[in-house]
Amino acid sequence: MKKKQLHIVGNAQLIEKISLFANGEKNSWNELLCQGPTLEDIGSKEFVNVRKKFLNDTYLVKEIEYEQDFLPELDILKNTKKYNEINLWFAYDLYSQINLVALVSYFMENKVNVPIYLICNIPEKDKNNGARLISLKEKELQQLYENKIQLTEDDIELANLIWLLYCGNNPQKLTQGMLSTKNFEYAHIFIQAHLQRFPSIKSGLNSIEENILTFIHKEHPTTHKQLVEKVLLKPSIYGYNKLQIIRLLDKLSIFYNFKKNYYQLNQNGLLAIHKEKNFYRELKDNMCYGGTQKYDFLYNEETHNLLKL
């Protein structure tokens, strides 16, 4: 039987676009591993139970939906012998990159012996701004496809290491040593973005939360829909989706009000963005990033390191 290509995309909407020029099977990787507890052994009973509980408790994703949307993808990846290559389409943002390293780790643990290629739009000038693959035109996507990069053994081992450390309870280990290879030379950038998701030692807010409040302060959106859409459209290294943004806005509602026909920061919001008061106690919840509780560490903007509480 003739072998074929397998394309795995980080955004299901991308399948229709790449089908115009790329042959082979297409599947999406529908997970949200940048938030909530994770375990190293992807697909294990414990992993599935932990993820289903988090997604149901946090985003009201029904257990049956998880079983229908994500578990069949793992079954496909267990049988890769019928493919002559695997192409991974993942954007340059934290959301996508954590999913990517988890997927590559899964391949490594399951001893997948098929050439694996990475198709990723790495910004050339400003590596602090992420870009969604779905926003690219067909010609741009095709050019990326033609210039795809085959992952080496070192690349695969690095992705596996990042995933294992992300699932651990000490995120500071992600900064130790040179966590990069030729094809993952930008790894330290999204790792640093991950560290900035921990609460600031000065304000108690993390980088994403501060950016959203600053946006409200400057832009004065007039409707909640406009607020959500504009935050989503704003270039970001984090790549959060609509559900994540809505949840963040709800959590941050103690910092803004709707007055004079637009959203504006209240007194606490102004104190927060100017780092004149610490709101750690008000914001503390049970959010996990991998194997680490979000509020077990503080981020120091001056040293760019984490402080364990």
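This report walks through the sheets, a buried helix, the charged pairs, the cysteines and a surface patch of a predicted model.

Because the model is predicted, local features need pLDDT of at least 70 and side-chain atom pairs count only at pLDDT 80 or more, while totals for chains, interfaces and linings use all residues. Residues are numbered from 1 along each chain as its sequence is written, and side-chain values use heavy atoms, with hydrogens and water left out.

## Sheets

Helices and strands here are DSSP runs numbered from the N terminus (helices are H or I with at least four residues, strands are E with at least two). Two strands pair if DSSP finds at least two bridges between them.

One open sheet has five strands with mixed pairing, in the order E2-E1-E4-E5-E6. Its edges are strand E2 (25-28) and strand E6 (149-150), each pairing on one side only. E6 runs antiparallel to strand E5 (residues 116-119), with two bridges between them. Look for Tyr-117, whose bridge partner in E6 is Gln-150.

Another open sheet is built from three strands, again with mixed pairing, in the order E3-E9-E10. Strand E3 (36-37) and strand E10 (292-293) each have a single partner strand, so one side of each is left without a neighbour in the sheet. E3 pairs with strand E9 (residues 288-290) in the parallel sense over two bridges, and Pro-37 sits opposite Gly-290 in E9.

## A helix under cover

For burial, the cut-offs are relative accessible area under 20% for buried, over 50% for exposed, and partly exposed in between (1.4 Å probe, protein chains only). Helix H8 (residues 187-195) has seven of its nine residues buried, so it is largely enclosed by the rest of the structure. The buried ones are Ala-187, Ile-189, Phe-190, Ile-191, Ala-193, His-194 and Leu-195. What covers them? The cover includes helix H5 (94-109), helix H7 (153-166), E9, strand E11 (297-300) and E12, counting contact as heavy atoms within 4.5 Å.

## Charged pairs

Side chains of opposite charge can pair when their charged atoms come close. The cut-off for a salt bridge is a side-chain nitrogen of Lys or Arg within 4 Å of a carboxyl oxygen of Asp or Glu. The structure holds 14 of them. Three are listed here.

| Pair | N to O distance |
|---|---|
| Glu-31 and Arg-51 | 3.0 Å |
| Asp-75 and Lys-78 | 4.0 Å |
| Lys-275 and Glu-301 | 3.1 Å |

The Glu-31 and Arg-51 pair links distant parts of the chain, 20 residues apart: Glu-31 is in the loop between E2 and E3, and Arg-51 is in helix H2 (residues 45-59). Buried or exposed? Glu-31 is buried, with a relative accessible area of 3%, and Arg-51 is buried too, at 0%. Lys-78, on the other hand, is exposed at 56%.

The salt bridge between Lys-275 and Glu-301 also joins distant stretches, 26 residues apart: Lys-275 lies in the loop between helix H12 (267-273) and helix H13 (280-283), and Glu-301 in the loop between E11 and E12. Lys-275 is partly exposed, with a relative accessible area of 30%, and so is Glu-301, at 23%.

Glu-210 touches both Lys-275 and Glu-301, along with Ser-200, Ser-203, Leu-205 and Ile-273, leaving out residues up to four places away in sequence. Glu-210 belongs to helix H9 (residues 207-219) and counts as buried at 15% relative accessibility.

Elsewhere, Glu-209, Lys-251, Asp-285 and Lys-294 are linked in a network of salt bridges.

## Cysteines

A disulfide is a covalent bond between the sulfur atoms of two cysteines. With the cut-off at a pair of cysteine sulfur atoms within 2.5 Å, a search of the whole structure finds zero disulfides. Why does Cys-120 have no bond? The closest cysteine sulfur, in Cys-34, is 15 Å from its own, too far for a bond. For Cys-288, the closest cysteine sulfur is in Cys-167, 11 Å away and again too far. Cys-120 is buried at 12% relative accessibility, and Cys-288 is buried with a relative accessible area of 12%.

## A nonpolar patch

Ile-201, Leu-307 and Leu-309 make up a nonpolar surface patch with about 250 Å² of accessible area together. Patches take residues with over 30% relative accessible area and no salt bridge, joining like charges within 9 Å and nonpolar side chains (Val, Leu, Ile, Met, Phe, Trp, Tyr) within 5 Å. The areas come from the Shrake-Rupley method with a 1.4 Å probe, and for residues only the protein chains shown count as cover. Leu-307 lies in strand E12 (residues 305-308) and is partly exposed, at 42% relative accessibility.
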